[in-house]
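Colleague: I'm new to this structure and would love a close look at one part. Could you walk me through the salt bridges?

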Amino acid sequence: MADASQDDLAPTTTAGYKVGEKKTLQELATLDAQDESLRKWKESLGIKATGASGAANDPRNVVVTSLALEVAGRPDVAIDLSTPEAIKALETNVVTIKEGVEYRLKVSFRINHDVVSGLKYLHVVKRGPLKVDKMEEMVGSYGPAPTEYTKKFPLEEAPSGMMARGSYTVKSRFIDDDQQCHLEWTWTFAIKKEWD
């Protein structure tokens, strides 16, 4: 029997949608090479005949560096995801969110070696054993680049009231159209009356 928490993090599928055949950067760069406008468009995505422009010394293709809560009028609450040690530290660090506040999640990441198609962020929020929220956001398709990309998600409102206050556990995942899981981790946040 499949693990229920893994099923919770499975991305939705669109009937009839087929993922295209995976091509290397070199194949994409030489495809329709005589079309000047298409060549310029591919270069804007980081697809160049000279090869990848990401970090060659990092074996990961997608490197998620941080997830942040962006709240108007205050500094971002950032979660460092850049190293295995930082992810391990999330087991003991609790992120505080003031009840009723409007916030948005934003993610920063790099693409190193190959084009990533249909990158998605998913998370399931639980309070104790009960699932209280599931989020699935399309991040997009990106090519290798030496700089980070940042994607902001729609505004959300934190729950409020005495019943909403407390700790919540979140299981998060970054996955692409090829069902390649690039990062999965668990973190905790607490809804409180005020910011810490």
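Modeller: Happily; here is a tour of the salt bridges, with a stop at one network. This is a predicted model, in which local features need pLDDT of at least 70, side-chain atom pairs count only at pLDDT 80 or more, and totals for chains, interfaces and linings use all residues. Residues are numbered from 1 along each chain as its sequence is written, and side-chain values use heavy atoms, with hydrogens and water left out.

Side chains of opposite charge can pair when their charged atoms come close. Here a salt bridge means a side-chain nitrogen of Lys or Arg within 4 Å of a carboxyl oxygen of Asp or Glu, and by this rule there are 12 salt bridges.

Let's begin with E70, which is buried at a relative accessible area of 18% (buried is under 20%, exposed over 50%, partly exposed in between, using a 1.4 Å probe and protein chains only). One salt bridge joins E70 to R104, with the closest N and O atoms 3.2 Å apart. This pair links distant parts of the chain, since R104 sits in strand β4 (residues 102-111) and E70 in strand β1 (residues 62-70), 34 residues apart. Strands are DSSP runs of E, at least two residues long, numbered from the N terminus. R104 is partly exposed at 22%.

E70 also meets K152 in a salt bridge, at 3.1 Å from N to O. K152 lies in strand β7 (residues 149-152), so this pair ties together parts that are 82 residues apart in sequence. Through shared partners, salt bridges join E70, D76, R104, K106 and K152 into one network.

Another salt bridge pairs D58 with R60 at 2.8 Å, N to O. D58 is buried at 12% relative accessibility, while R60 is partly exposed at 36%.

Conventions. Helix = DSSP H or I, 4+ residues; strand = E, 2+ residues; numbered from the N terminus.
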